[in-house]
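Student: Please take a close look at the empty space inside and along the surface of this model, and say which parts of the chain surround it. I would like one connected account, with the cut-offs stated where a term first matters.

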Amino acid sequence: MSDAAAVLPASPRYSPPLYEHGRANVIRLALAQALAGANSVVVFATGAIVGHMLAPTPALATLPITIFVVGMAACTLPAGVIAQRHGRRATFLLGTVCGVLVGLLAALAVIIGSFWLFCAATFFGGAYGAVVLSFRFAAADCVPADKRPRALSLVMAGGVFAGVIGPQLVTHTMYLWMPYMFAATFLAQAAVAALSAVILAGIRLPMPTAEERSGGRPLALIIRQPRFLIAVTCGVVSYLLMNFLMTAAPLAMQLCGLSQESANLGLQWHVIAMYAPSFFTGSLIARFGAPAVVAAGLALIGASAAVGLTGLEVTQFWLALILLGVGWNFGFVGASALVLECHRPEEKTRVQSLNDFIVFGTMAFGSFLSGGLLTAYGWNAILWLSFVPLVFAFLALAGSGRVRAAKG
């Protein structure tokens, strides 16, 4: 069977979802993205620092963030199964329960000084994060096919507010319950997750059809498509490098003698840069194509590492984090748009959750290695190493051009 024949045609028995609640659903998903994204920002802003405070050895400082990523990877496939059988709304509400748990458990871990309980808390945070990242695909379900890239990017744009809410939440609460630094922050994080649950309870999505529950073609057939392999490769590299550099940056700033407030502000602008382009990323994809947008994103990630190598002042850290955020947006949203081309409607939850599983599973190695590399070799080693996967991603995009040319 040719790749073209295996990709796009839908089963004749499949009925497209109803779109009458599309606009309201996209708005709710964007709001939930803002609140849930703030939860993730809190973990990334505090995880390595709390880990450094509680860990038995400095090399394990970033293990809590690694566990967060492992939680994302481990829960993407189960979340996809739940969504396939019971609908996306059920998955969303279970995710918010995990979001509340991460805040409560993390606060308790700080109070009793338990590193391993803190790691367990971040696992639930990863589970919540896995569900949150399915919001972008849920938005694509809510609208006709020609509007899907824009709906996907608009939901991602909700993360702009996460970039403000998360760091400010840390800044204004981290000293409220001394000597238990960040304990009040994590309790506030749990409250934010509960508010997200209220918003998601109003989502009105169609229940899975019989065709969706059956799952469509075997995954082995779908993942052999060159375009799927290219999409996964670009998604992996974009997210891997973003996590690799962002995980190490707050601790690197602290080790360089910069203040926690400076690290929080740098992370705030990083997260804003991650999501602000989403207001127009969908339009760029529609005009120039997903591969071109992904290529621009990878180039910006490379520029981020190059800026970081120019010095250790706060301005270099901030500019590197901003470029990293924009690069991640173009790379990840573009790769997500490519994934939408790789499945029939009845196959969407399985294929999308498999894509996210691969992305987050690979990303876990990067977040774990960043702590050990930072303490052993320094910030510059982290930056130089980031160029290696960029080469692989650009080679994959070159393959994308050949695949599309062959089909033209």
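**Pocket, cavities and the elements around them**

Tutor: Eighteen residues line the largest pocket, and Arg23, Val26, Ile27, Ala30 and Leu154 are the ones nearest its centre. The model is predicted, so that local features are taken only at pLDDT of at least 70 and side-chain atom pairs only at pLDDT 80 or more, whereas totals for chains, interfaces and linings use all residues. Residues are numbered from 1 along each chain as its sequence is written, and side-chain values use heavy atoms, without hydrogens or water.

The largest pocket holds about 350 Å³ of space (the volume filled by probe spheres set on grid points joined across faces, edges and corners). On a 1 Å grid over the protein atoms alone, a pocket is an open set of points with protein on both sides within 12 Å along at least five of seven lines, a cavity is a set where a 1.4 Å probe fits but cannot get out, and lining residues have an atom within 4 Å of a point. Two elements each give two or more residues to the lining of the largest pocket, namely helix H2 (22-54) and helix H7 (148-157) (helices are DSSP runs of H or I, at least four residues long, numbered from the N terminus). Of these contributions, that of H2 is the greatest, at seven residues. The pocket lining divides by class into 13 nonpolar, two polar and three charged residues (Ala, Val, Leu, Ile, Met, Phe, Trp, Tyr, Cys and Pro count as nonpolar, Asp, Glu, Lys and Arg as charged, and the others, Gly among them, as polar).

Turning to enclosed space, the structure has three cavities of 30 Å³ or more, and the largest of them contains about 210 Å³. Its lining is made up of 18 residues, with Ser40, Phe44, Tyr239, Met274 and Tyr275 closest to the centre. Helices that supply two or more residues to this lining are H2, H3 (63-86), H5 (115-133), H12 (226-255) and H13 (260-275). Here too H2 gives the most, with five residues, and H2 is likewise the leading contributor to the largest pocket. The lining of the largest cavity has 13 nonpolar and five polar residues but no charged ones.

The second largest cavity encloses about 130 Å³. Among its 15 lining residues, Thr76, Gly80, Arg88, Ser134 and Ser353 lie closest to the centre. The elements giving two or more residues to that lining are H3, H4 (88-112), H5 and H17 (348-377). Its class composition is six nonpolar, seven polar and two charged residues.

Two of the helices that line the second largest cavity also pack against each other: H4 and H5 meet at an angle of about 160°, with axes 7 Å apart (axes are lines fitted to C-alpha atoms over the stretch in contact, and angles run from 0 to 180 degrees between N-to-C directions). H4 is therefore roughly antiparallel to H5 (angles under 35 degrees count as roughly parallel, over 145 as roughly antiparallel, 65 to 115 as roughly perpendicular and the rest as oblique). Their contact comprises 16 nonpolar and six polar residues, with no charged residue. Another pair, H15 (290-308) and H16 (314-339), also packs at about 160° with axes 7 Å apart, and is therefore roughly antiparallel. In the contact of H15 with H16 there are 19 nonpolar, seven polar and no charged residues.

As for covalent cross-links, the whole structure contains zero disulfides (pairs of cysteine sulfur atoms within 2.5 Å). Cys75 is in none, and the cysteine sulfur nearest to that of Cys75 belongs to Cys98, 6.5 Å away. The closest cysteine sulfur to that of Cys98 is in turn that of Cys75, and because they are 6.5 Å apart, the distance is too far for a bond.

Finally, the backbone deserves a look in the loop between H8 (159-173) and H9 (183-200), where Pro179 is found. A cis peptide bond, with omega about 10°, joins Met178 to Pro179. Phe182 sits in the loop between H8 and H9 as well, and its phi is positive, near 80°, although the residue is not a glycine. Most residues other than glycine have a negative phi, and most peptide bonds are trans.
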